[in-house]
Every structure is written in C-alpha cells, then in structure tokens.
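Let's walk through this fold together, from the sheet outwards to the helices. Have the view ready to rotate as you read.

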Amino acid sequence: MSTLIWIDDHLAGVTLRKPILENCGYSVLTAKTGREGLALISAQPVEAVILDGQLPDMDGEALVRHIREIDSTLPIVVLSRRASNPQEGLADRANAVFTKAQDPFPTVVSKLTELISQRKQQA
C-alpha cells in the first residue's frame, strides 16, 4: 500500500476526498500546515504528496522547495483553489498542478497513480 501525505488546511475538502484515495488503495496521512507536512515527510517514507498552494504558515512554492530538499524525486501534486496562474515557480517545481473547483478529483488521482508508477520504474 502506497502512503501519501496531503497537506491542506481546508479540512472539509480533505475529509470529502480522502476516502476516494483510500478506496484506490492509498494510505493517506494529513497535515494542516506546511511545517506539519514536512515533519511527516521527514519521519517516514511516502510515495507522493498532495498540497494546497497556500497554507497558513507558508505558500506552496516554499513548501515544494523544502520537500525537494528532503527528496528531489518525490511526486508532488498541487491541488489549489486558485483558478488560474499558479505561483511562478510552483508549476515548474511540482509534478502537476490542479484547481479544486475546475479539475475533477479522479483526474488528480490518475495523475498521482501515474507519477508513483513512473517513480517506481525509475528506482
């Protein structure tokens, strides 16, 4: 079973979508802040990260930069409420960027599965 970390302060959205990931065979750990997420990533092996583009303690670009310092190959998917123009640098550093209101969640799950599979093949 692959373990994912979902870093997002919008708990209602996480609560609604987390069971979808679990039904796809993922174990999902959650964090409400960037610092909590970084601590989880540092403490245990994970297969991928989903994160919000704006968190209470840091923006998505800073968080992605910190994650890349811990593990440069870890798949990172940004799921943000921003409708357009993600932060400059965020789209370049993350593996994929989706918008909560526009992109269907099954598309996000498919991309995560693809990224995890590619990473395993390259290992």
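Two strands count as paired if DSSP finds at least two bridges between them. Strands here are DSSP runs of E with at least two residues, helices are runs of H or I with at least four, and both are numbered from the N terminus. By that rule, β1 and β2 run parallel and are joined by 6 bridges; Ile7, for instance, has Ala31 in β2 as its bridge partner. What you are looking at is a predicted model, in which local features need pLDDT of at least 70 and side-chain atom pairs count only at pLDDT 80 or more, while totals for chains, interfaces and linings use all residues. Residues are numbered from 1 along each chain as its sequence is written, and side-chain values use heavy atoms, leaving out hydrogens and water.

Now widen the view to the whole sheet. It is open, has 5 strands in the order β2-β1-β3-β4-β5, and its pairing is parallel. β2 and β5 (96-99) stand at the edges with a single partner strand each, so one side of each is left without a neighbour in the sheet.

Next come the helices. In helix α2 (residues 34-43), the buried residues (under 20% relative accessible area with a 1.4 Å probe, protein chains only; exposed means over 50%, partly exposed in between) are Gly34, Gly37, Leu38 and Ile41. They sit on the same side of α2, because they cover an arc of only 100 degrees around the axis, taken from the directions from the helix axis to the C-beta atoms. Arg35 and Ala43, on the other side of α2, are exposed. The buried residues of α2 pack against β1 (2-7), β2 (26-31), β3 (48-51) and α3 (60-70), where contact means heavy atoms within 4.5 Å.

Turn to α5 and you will find a similar theme. Its buried residues are Phe105, Val108, Val109, Leu112, Leu115 and Ile116. Seen down the axis of α5, they fall within an arc of 130 degrees, so they line one face of the helix. The face turned away from that buried side carries the exposed residues Pro106, Gln121 and Gln122. The buried residues of α5 pack against β1, α1, β2, β3, β4 and β5.

One last stop: rings of Phe, Tyr and Trp (its six-membered ring) pair if their centres lie within 6.5 Å, with planes under 30 degrees apart counted as stacked, over 60 as edge-to-face and the rest as tilted. The count comes to 1 aromatic pair. Trp6 and Phe105 form it, stacked at 5.8 Å centre to centre with 10 degrees between the planes. Trp6 lies in strand β1 and Phe105 in helix α5 (residues 105-122), so the pair ties together parts that are 99 residues apart in sequence.
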